[in-house]
Amino acid sequence: MRADLLTDAVAGLEAALEAVDAFDQVLAAGLLRPGPAQAAGLTALAGAVTGTPLASRTAEAAEKAAGGAAAEDDFLALAAGRTALLGSVHDALMSRIGEATGRESVTEEAPGSAGASPANLLNAARSWLCDVARAGWQGLDRETVAGAAPVVSALLPDTGLRRLAVLLDGFAAELAASAGPGAPAGRFPLRRWADLWARGLILTVPGAISPPRTSGVTGRLLPLGVDLTEHATAVQAQVHAILEPAVGGPPRLVRAAASAPKPDTVIGAGLWQLLRPHLSLLAAVSEGRSMDLEDMPVTAEGDLIWDDARATPGEPADPLATARVTLPTAADPRTAPLDRHPARIAVPVFLEAYTVAEDGTCTVTGCTLPVDAGRAPAAGPLTAAAVKASTACVGLLRWDDGTFRLQPLAVETTVKKRKAVVGAGDWGGGTADKAGLRAEKAAADARTVLSERAGRLLRKR
């Protein structure tokens, strides 16, 4: 991999992000009574999309918003301009990654079929988001934030709108916890909240939420590693892997994910108990095996719609060997239009012949790349010490805080004077590790107690 390309500046990137930041400051102050500062931020956004199909509409919306006369369609146009701008940042970064890895992307398009969504529900969601933008993070009151509750309740029963409902529910909860009158702008996650606001508005456009079109694939699946993410009430495991089609052709990168609700008492290795029933692939990762797939549904974006009935355990497969031999020729999945955002970048890469310093930076071929070891889950044996002592690594290349970062998924290191592969998902199918076993037992006890309490509550009803 050409690591030197990852440290070179990307033309136009800084200017695009400055325009996004300027608009995000506008949302913090609100557009109910816009002043010169908000007008400048709106002008910056409109100027950044000059020469694009959105130019005239964004400029018109910015002018109306600066005068305090923006309608809902104007807020939607501003959200579209910001989304397109970050999409261009995503594309520029992915182009640079493609140059560094030498891999190509899947080119076929597979648009989903637009579903019919109740216009009144979408309009209600859009109206609330516009009220939020008028108030701004600093001017929000409880009544405005609480206005999301009936909208979310109306959206949730419709499975086609559940994606929007969950976004609004989480966004409103974050606003209720941190925003409000007199709150300093410095305490707000400006980029994140603006992302959620713009995403929510885009999803209120009829047809924006559509089921992905899938096709069936047959072949051998070679796991590379597991990215485990945890929230106070939910957990998700995403397995990154390479698919070798049975019909021939180049291998391709794919993903398989499982999510589950989580009580606060289940932590560490106990998280795997919540996920195993939904994804047998975790056992294959833990055992270091491939899986044979038969007509498994997959989207154009490379997401496997996992079905245990279509997968059987295969032969042993070392993730580091897979990364060395097969990853360089694998095609990267395409990105769905609405998912083009720098925060969504997570590209599997392979590194070796590097050194990891005490500050967590990795030096390879004379170039320094920050290592995000903090993303390694506590529910696995992959620790910062294991990464520091490693000689080869397969990980995810991400972009955060203005720089590329490496998130290790599995490393080749020395364990008890022997070379071994240590992965973040090694405990996914079970573990003999003492600390892992204790966490598993504690999680099992917690689940039993919670199940008994839930049963008593239901019986009382």
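User: Which residue in E13 does Thr 414 stand opposite?
Analyst: The model is predicted: local features need pLDDT of at least 70, side-chain atom pairs count only at pLDDT 80 or more, and totals for chains, interfaces and linings use all residues. Strand E12 (residues 403-415) pairs with E13 in the antiparallel sense over six bridges. Two strands pair if DSSP finds at least two bridges between them. Opposite Thr 414 in E13 stands Lys 419.

User: Which are the edge strands of the sheet E7-E11-E12-E13?
Analyst: Four strands form this open sheet, with antiparallel pairing. Strands (E, at least two residues) and helices (H or I, at least four) are DSSP runs, numbered from the N terminus. Two of the strands pair on one side only. They are strand E7 (347-352) and strand E13 (418-423).

User: By what average angle are neighbouring strands of this sheet turned against each other?
Analyst: Axes are lines fitted to C-alpha atoms, for helices over the stretch in contact, and angles run from 0 to 180 degrees between N-to-C directions. For this sheet, direction is ignored. The average is 35°.

User: Why is E7 largely enclosed by the rest of the structure?
Analyst: Burial decides it. Buried means under 20% relative accessible area, exposed over 50%, and partly exposed in between (1.4 Å probe, protein chains only). E7 is largely enclosed because the buried residues number five of six.

User: Which residue in E11 does Leu 351 stand opposite?
Analyst: E7 and strand E11 (residues 392-400) run antiparallel, joined by six bridges. In E11, the residue facing Leu 351 is Cys 393.

User: Which strands stand at the edges of the sheet E8-E9-E10?
Analyst: This open sheet has three strands, paired antiparallel. Each edge strand has a single partner, so one side of it is left without a neighbour in the sheet. The edges are strand E8 (354-356) and strand E10 (367-370).

User: What does Thr 355 stand opposite in E9?
Analyst: E8 and strand E9 (residues 361-364) are antiparallel, with three bridges between them. Thr 355 stands opposite Thr 363.

User: How are H1 and H9 placed relative to each other?
Analyst: H1 and helix H9 (residues 190-203) pack with axes 9 Å apart, at about 80°. Angles under 35 degrees count as roughly parallel, over 145 as roughly antiparallel, 65 to 115 as roughly perpendicular and the rest as oblique. H1 and H9 are therefore roughly perpendicular.

User: Which helices do the buried residues of H2 pack against?
Analyst: Residues are numbered from 1 along each chain as its sequence is written, and side-chain values use heavy atoms, with hydrogens and water left out. The buried residues of H2 are Gln 38, Gly 41, Leu 42, Leu 45 and Ala 46. They share a side of H2, because their arc (directions from the helix axis to the C-beta atoms) is only 135°. They pack against helix H1 (13-29), helix H3 (55-66) and helix H4 (72-101).

User: What relative accessible area does Gln 38 have?
Analyst: Gln 38 lies in helix H2. Contact means heavy atoms within 4.5 Å. Beyond four places in sequence, Gln 38 touches Val 26, Ala 29, Gly 30, Leu 31 and Arg 33. Gln 38 is buried, at 11%.

User: How far apart are the C-alpha atoms of Gly 81 and Val 205?
Analyst: Gly 81 lies in helix H4 and is buried at 0% relative accessibility. Along the chain, Gly 81 and Val 205 are 124 residues apart. Their C-alpha atoms are separated by 14 Å.
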